[in-house]
Amino acid sequence: MPASLVAAPSPGIHRCSPWSSAPFAAAPTRLHRQTVRWKFCTRPNAQRPPLPAMSTAEGKPDAAAVEEMARDAAAWCAMHGLVVGDRADPRSGTVPGVGLVHAPISLLPSRLPESFWRQACELAPLFNELVDRVSLDGDFLQDSLSKTRQVDDFTSRLLDIHRKMMDANKEENIRLGLHRSDYMLDSETNSLLQIELNTISVSFPGLCSPVAELHRTLINQYGKLLCLDAKRVPGNEASRQFAKALAKAWDEFNVDSAVVMMIVQPEERNMYDQYWLVKYLRESHGVTTIRKTLSEVEAEGQVLPDGTLVVNDRKVAVVYFRAGYTPNDYPSEAEWSARLLMEQSSAVKCPSISYHLVGTKKIQQELAKPNVLERFLENKEEISKLRQCFAGLWSLDDEEVVKSAIENPDLFVLKPQREGGGNNIYGLDVREALIRLKKEGGDALSAYILMQRIFPKASLANLVRGGVCHEALTVSELGIYGAYLRNKDKVIINDKCGYLMRTKVSSSDEGGVAAGFAVLDSLYLTDK
């Protein structure tokens with residue numbers, strides 16, 4: 001799904017964890033914001049005042065220096081494939097190479113204490129394993145989403161496909177997951193809290209990788225002015241690692257003539273993020289990739305008697321979804337037929353319908369309940385590490401929480417069963433929506449979950465979009481990519497695979513990069 005950065009309006013910025021088992025009393029009780037500004041060094045040994053965690057690592061140069069850096073950054077993006085389609089060009093989402101602009105970026109990396117970076121990286125394999133374990137419990141998925149399906153047609157259609165696979169005893173021997181777990185630093189507790197775990201169409205593994213290289217280049221070029229160390233910007237191999245996992249799944253399928261099929265939207269201005277994976281699959285692993293929409297799969301695809309998926313006369317080893325996460329991707333029955341066709345095949349699905357459902361908001365809320373993690377995991381230390389990053393998340397069946405949210409709407413986010421950003425409800429709209437849903441009665445409340453607001457610290461940063469650089473008060477969100485590949489009882493890959501850093505203006509509720517709210521960023525690791 002498109003990269004998303006969701007925060008509360010200034011002065012409090014928030015995202016919410018879908019894994020929380022924290023009691024309601026743990027929810028934040030006040031709005032909080034801290035701003036910071038670094039001064040550029042004027043002498044070799046100048047001391048920088050401390051910055052808060054996950055804040056901008058840049059100083060305060062004069063306007064001429066900022067403009068010069070911004071021009072250099074935009075040129076570097078154009079020369080190194082850090083580009084997206086220009087919304088002003090109607091063909092930029094359908095014709096490669098037409099209407100390119102540099103990707104929206106932060107001029108310099110965002111600051112994060114190394115201890116939190118290590119914590120986030122350590123959690124990636126644990127969440128990878130959790131997704132796989134939960135995906136195998138079909139009854140848990142069906143039961144947990146039973147009320148949601150009554151009021152959400154999209155979830156209901158996904159569950160119908162899942163039920164058909166259960167009734168057919170369909171087993172996915174080769175299971176591939178390419179995930180991303182998103183976090184923010186909470187200023188109230190100085191802790192790293194998980195926002196959500198994405199299991200389908202995680203975006204920007206291709207474009208986030210060169211951002212770190214860009215920032216290292218700028219720091220080296222303007223080092224005397226910035227007083228920063230390029231070695232503190234961690235490298236980012238997300239695109240290469242994702243391609244490696246896809247290629248390994250292709251190896252496990254073991255049909256040399258087969259291809260990787262990337263499921264894409266008919267119009268995709270973020271296609272160059274995807275083409276980075278195509279490049280590495282071909283150049284590093286000798287694997288061919290084809291791009292198809294769901295409607296094209298329905299028109300050109302078939303499943304042979306032995307289960308082989310064939311699309312336009314080409315056998316498919318791996319189906320990699322970069323679409324299919326939103327109702328908008330299924331405008332007709334043709335798209336749903338294509339999704340079912342792929343699930344019925346023996347091709348490796350990334351993700352399978354089960355992995356997809358694990359990433360729904362309701363399942364994440366169910367996993368937040370006490371003792372539920374123990375149903376899927378045995379290691380108490382690992383369970384403790386997972387719970388340490390949980391924040392508040394509740395079902396709307398909890399009347400006390402609903403009452404509190406109506407009384408204090410600024411402390412909550414109302415979230416529907418949707419991916420892709422732009423769907424959440426904030427502030428006074430939370431109160432109005434809850435009152436309306438309660439009046440409607442029935443299962444209307446089951447279409448939503450409540451999340452606790454997270455209050456990160458904000459900082460000033462220079463953001464560059466469309467060749468224009470401007471300073472703004474911002475917050476940042478860290479996403480850790482993970483890859484999981486299993487063939488029956490053998491775990492082949494379970495590891496972190498790079499990171500996505502997104503920075504956005506703090507006054508915006510939503511923050512998807514592809515939607516135009518946020519910019520791509522990287523990390524500047526600090527001791528504190």
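**Entry 1: the Phe154/Trp336 pair**

I checked burial here before anything else: Phe154 and Trp336 are both buried. This is a predicted model, so I read every value as computed from it. I then looked at the ring geometry, and the centres of Phe154 and Trp336 are 5.9 Å apart with planes at 50 degrees, so I logged the pair as tilted. Along the chain the two partners are 182 residues apart, with Phe154 in helix H5 and Trp336 in helix H11, residues 333-344. I followed the ring pairs outward and found that they join Phe154 and Trp336 with Tyr330 in a cluster. For the whole structure I noted nine aromatic pairs.

**Entry 2: the tyrosines of H9**

Next I pulled up Tyr272 and Tyr275. Their ring centres lie 6.5 Å apart and the planes make 40 degrees, so this pair is tilted. Both sit in helix H9 (residues 271-285), and because they are three residues apart, about one helical turn separates them. Buried or exposed: which word fits Tyr272? Its relative accessible area is 11%, so Tyr272 is buried. I got 31% for Tyr275, which makes that residue partly exposed.

**Entry 3: charges over rings**

Tyr275 came up again when I looked for charges over rings: the charged end of Arg291 sits over its ring, 4.7 Å from the centre. I wrote down another case, with the charged end of Arg339 over the ring of Phe321 at 4.6 Å from the ring centre.

**Entry 4: the second largest pocket**

I moved on to the second largest pocket, whose volume is about 330 Å³. I listed 17 lining residues, and those nearest the pocket centre are Ser135, Lys170, Glu171, Glu172 and Ser354. Which elements give two or more residues to this lining? They are helix H5 (153-167) and helix H12 (353-358). H5 is also the helix that holds Phe154. Sorted by class, the lining of this pocket has seven polar, five charged and five nonpolar residues.

**Entry 5: backbone oddities**

I went through the backbone angles with the usual expectation in mind: most peptide bonds are trans, and most residues other than glycine have a negative phi.

- The peptide bond from Cys350 to Pro351 is cis, and I read omega near 5 degrees. Pro351 is in the loop between strand S13 (348-350) and H12.
- Asp313 is not a glycine, yet its phi is positive, near 70 degrees. I placed Asp313 in the loop between strand S11 (309-311) and strand S12 (314-321). With a relative accessible area of 73%, Asp313 is exposed.
- Lys488 also has a positive phi, near 55 degrees. I found Lys488 in the loop between strand S18 (468-487) and strand S19 (490-505). At 52% relative accessibility Lys488 is exposed, since the cut-off is over 50%.

**Entry 6: Glu67 and the long-range picture**

I looked up Glu67, which is in helix H1 (residues 63-79). Its relative accessibility is 34%, so I filed Glu67 as partly exposed. What separates the C-alpha atoms of Glu67 and Val468? I got 8.6 Å, although the two are 401 residues apart along the chain.

Then I took the totals for the protein chain. I counted 16 helices and 21 strands. Of its 528 residues, 62% count as buried. Among contacts with a separation of 6 or more, 76% come from residues 24 or more positions apart.

Notes:
Residues numbered from 1 in each chain as written. Predicted model: local features only at pLDDT ≥ 70, side-chain atom pairs only at ≥ 80, totals over all residues. Heavy atoms only, no water. 1 Å grid on protein atoms, 1.4 Å probe; cavity = no way out; pocket = protein on both sides within 12 Å on 5 of 7 lines; lining within 4 Å. Points joined across faces, edges and corners; volume = space filled by probe spheres on them. Helix = DSSP H or I, 4+ residues; strand = E, 2+ residues; numbered from the N terminus. Nonpolar A, V, L, I, M, F, W, Y, C, P; charged D, E, K, R; others polar. Phe/Tyr/Trp six-rings, centres within 6.5 Å; stacked < 30°, edge-to-face > 60°. Buried < 20%, exposed > 50% of the residue type's maximum accessible area, 1.4 Å probe, protein only. Lys NZ or Arg CZ within 6 Å of the ring centre and 35° of its normal. Contact = heavy atoms within 4.5 Å.
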